[in-house]
Each structure stands twice: as structure tokens, then as C-alpha cells.
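Q: Hi, could you walk me through this one? I'm new to looking at structures, so plain words please.
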Amino acid sequence: MQMKIYHTNDIHANYQFLKNVKNYLKEHMKENDIYLDSGDFYDLKDLIIQADKGLSAADLFTDIPLAAMAIGNGEVDLSYDALCKLAEKLPLLSINLTDNDGHKLPNIKSSMIIERSGKRFLIIGLSPFYNAKLVDSGYNVFSMMGNLMFNKPEELLAAEFNKLEGQYDYSIILSHSGQKCDGYVFRELRKPDLILGGHSHETVSQKGYSQSGKGEYLGIITLEIDDNGISEVSSEQIKLNDCLDEDFDKLLEEKERYAQKLLSKEIETIDNLQFDPLRESELTNFICDCLKKKFGGDLAIIHAGISENALIKPVSRKSLIENFPSKLNPTCYSIKGSRILEAAKLSFDEGHIIDPGKGPGFRGRILGTLGFSSNVKIKKDPFIMTIDDKPIESEKYYLLITDDYLQRGTGYPSLAVPNEKASYHIWFIRDLVEHFLNDEELFSSARIRRITD
């Protein structure tokens, strides 16, 4: 007897893909088959998800036979309360996610056992703990601001396997850790029969391991079940054709209208702010001055790619999400003046600033030039940079206010410092902008030039 395990990962609110999955499963899935997801269905760039912290988006799984979903960092972005509510609607699993005090979250299980074809399938959810460099607690610096903590998984996994010994016939890990981290976690642990991966957005079909890109493929594992047990016959990734589904489209339109209504309420603001990602602009200046006013420090710097367009009235939560799609947090740390000078000079390299700017948390299109707070003045030729009318000293340390994108050195490597050297604020940059939309002083200072030829 054969059965199939269908799986997806990292859908990131790609609803057309979800619709394609629904229709493929409707046509091909049999009674004893299982559909699983390895996390990051959610992405805060999406308006439906932003509207009510993911509850409406969960309804899009109506008529989709999802047996279990691992909790990824995208789900954790929703917040503690939202995640607990979401678990009432979706079968969420994580063996290593707790609150900051180490308590399990209501409604979220470590594992489940599903019976199919007369066999018992153990399914365990695994959330990310190591980052891509295999550093412990790679995501906790941000998740713990929302009272959510990823815990070291090895002992937890070993204990779960021991506790359930003899109660299952086949074990599956839904892992949102990335393939490299999966290999690291299970290097000395009892190997599960199958790992369905996610997070690293790779496309992999190996015996015992499968990962399906970034909402690109539907993974299909075929199992043979006989008197000798359960064995893997084949593993494949298939590209799904876009399909028509009036019921899904009607439900999606309903959720979109609801999101539009909630998020389109006008937010009072003083004025428009012009924007250009390749040169100094009012909006980039405004963001830097907001950072400086809120957090102090010696200076503020931001990459222009944080924004997509000018700030144009009427402003709403919807327009802010669309204009600032990246999930990047205000970040403070000390850094040498020489490294600030290096980044500032690089920001005038026209070939460099049009780079796509890809990096963790970034949802923009290009890297962009750098903007600076109003107490910074730069003369490009000959190059002179001052803070509070004093030339930057190469060996002096300055308290820089920026975001975690630049803190990681993405695009501007000289600004990088380790996470443990920085402090973070729970807001995203768009929340900071919203907070100061009626600050006349900041709107005035945004028009003060900082850079001259």
C-alpha cells in the first residue's frame, strides 16, 4: 500500500500559491494522505495579516486539509497573544517555543500523532534556534521583545522521542530551522524518518529530507507501507500551475475588503515628504530625525531603501505598511568614526546604492543611499563629515541610532556589529514614522539639507 505526504514551506502570504496547493490536493489527495507545512506561511508585509494579526489569513485554509504547521519566525512576528489565538484556528506545533519565562504557549503542542493506513505518524514542530552561522539563540534578541523565546532543541527533541517511544511507527520533523541547522541539530540525535524543512528557502529532495523553496513547489513524499514497516519510495518537488477557484477568490476578496476597511482609516499628518532612494530626500531625513529624537545618541543613519515611495497624504496604516514593508527595528550601538566615514563615502557610489539590498527583514527593492540626522553635515568634495559642527574623529566611538539591517552590515559592511553589542526597540521603522506624523519640528528639520557638493 502506498500513501503520500504533501508538504509546503515559506509561503510568505503568497495566496495564489496557496490556492494552487488547495486545488492540487483536492484533485490528487487520497483519504490516507497527509498535508503538512514547515512554517512562515505568515509575513507582516501582507495587509490581510496586518489587519488582525493573522486570524483572517487562517480562514484561507478552509477546505485545505492541513494536518500540522510548524511555527516559524514569521508566525512569531505576529506577537504572543495573536499566536495563541491563531493556534485555536490552525494546528500549530513547536517543541522549542515558550514565553520568556519558559512556559509553553496555550493551544500550541510540541507534537501530535496521526493515524493513517493503520500506522501511527509522529509529527514534531521545530522552530529556529540557531542562525545561519549556527549561533545559539539567533532569533531571540527580537522575539523576546514580544515575550516569545526559542529554546535549544536537542534535549527537548530527545526527551520527546523517549516519552513517545513505542507509540508511533514513523517520525516526521516539521523544521523551520534551515537545512544547515537541521544537519547540526540532528548530528548526534536519533534521526527521524523524515525531515520536512523550511526557513532557508532551498529546494531539496533527498531521502529523509525535503524542502520546497519559498512558496515555489509542492513537495511530495511517497511511502510504501507493508508488513515490513514504512519505507520512502520517492521524493519530488512539483511546480503548480496557476488555477481558477471562485470559492477561494471570493473568500480572499472578503478578507481583503475587511483588511482595507480596518487599515485605511486616515491618520492625521502635517504634510507630504518627497523621496528619492538615490539621493538625499525629505523622507529619509525625517526618519533619521525621528530616530534621533526618540532614542538620542550622537547621530542617526538610515538606508533610503527602507522606503518605497514618498509620504503622501492621506496617510493610513495601509499606506505605511505598503511604503515601509520591511520588518526592521530601531537599533542603537557604539561604533568607531572611521567606520561611519567609510559607510558615508560608500553611500555616494551610484553603482552600489542600486543593489537589490537583500537581507534579513528587508522587503524593499533596492539598498539606496544613506540618510543622516540633521546634526550631521557632509561636503562631498573634498569629503568632510561633521557631527554637531565637529569633524568626525576616526578613533572615537559614537552612539549610532539606525536599524538592525545596517547593524548586521547588510549593504554597508563597515556599520556591522554583533547582536550582543546592540540594543533594539520593539517598533518597526513604520511604527516610528507613524508616532511622529504630527511633530512640526521634525517636518521642518526634514527639509534641512545635510549633504552638499
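Q: Leaving aside its neighbours within four places in sequence, which residues is Asn323 in contact with?
A: Happy to help, and keep in mind that this is a predicted model. Asn323 is in contact with Leu283, with Ile306, Ser307, Glu308 and Asn309, and also with Ala310 and Leu311.

Q: Where is Asn323 placed?
A: You'll find Asn323 in helix H11, which covers residues 317–323.

Q: Is Asn323 buried or not, and why?
A: Asn323 counts as buried because its relative accessibility is 6%, and the cut-off for buried is under 20%.

Q: Okay, new topic: helix H7. Which residues are buried there?
A: H7 runs over residues 154–163, and its buried residues are Glu154, Leu157, Glu160 and Phe161.

Q: Why do we say that they line one face of the helix?
A: Imagine looking down the axis of H7: the buried residues fall within an arc of 135°, so they line one face.

Q: And which residues are exposed on the other side of H7?
A: Over there, Glu155, Asn162 and Lys163 are exposed.

Q: What do the buried residues of H7 pack against?
A: They pack against three strands and a helix: strand S6 (111–116), strand S7 (119–126), strand S9 (170–175) and helix H8 (179–185).

Q: Let's talk pockets. What volume does the second largest pocket have?
A: The volume of that pocket is about 390 Å³. It is lined by 19 residues, and the closest to its centre are Leu278, Arg279, Glu280, Lys380 and Ile451.

Q: Which helices each supply at least two residues of that lining?
A: Helix H10 (282–295) and helix H13 (350–353) do.

Q: What's the lining like by class?
A: The lining of the second largest pocket has 8 charged, 6 nonpolar and 5 polar residues.

Q: Zooming out, how many helices and strands does the protein chain have?
A: There are 16 helices and 25 strands in the chain. Its C-alpha atoms fill a box of roughly 80 × 50 × 40 Å along the principal axes.

Q: How does its radius of gyration fit with a compact globule?
A: A compact globule with 453 residues would have a radius of gyration near 22 Å, and the chain has 24 Å, which agrees.

Q: What share of the residues count as buried?
A: Of the 453 residues, 56% do.

Q: Last one: among contacts between residues at least 6 apart in sequence, what share join residues at least 24 apart?
A: That share is 72% in this protein chain.

How values were computed: Residues are numbered from 1 along each chain as its sequence is written. This is a predicted model: local features need pLDDT of at least 70, side-chain atom pairs count only at pLDDT 80 or more; totals for chains, interfaces and linings use all residues. Side-chain values use heavy atoms; hydrogens and water are left out. On a 1 Å grid over the protein atoms alone, a cavity is a set of points where a 1.4 Å probe fits but cannot get out, and a pocket is an open set with protein on both sides within 12 Å along at least five of seven lines; lining residues have an atom within 4 Å of a point. Grid points are joined across faces, edges and corners, and a volume is the space filled by probe spheres set on the points. Helices (H or I, at least four residues) and strands (E, at least two) are DSSP runs, numbered from the N terminus. Ala, Val, Leu, Ile, Met, Phe, Trp, Tyr, Cys and Pro count as nonpolar, Asp, Glu, Lys and Arg as charged, and the others, Gly among them, as polar. Buried means under 20% relative accessible area, exposed over 50%, partly exposed in between (1.4 Å probe, protein chains only). The arc is that of the directions from the helix axis to the C-beta atoms. Contact means heavy atoms within 4.5 Å. The radius of gyration is taken over C-alpha atoms; the globule rule is 2.2 Å times the number of residues to the power 0.38.
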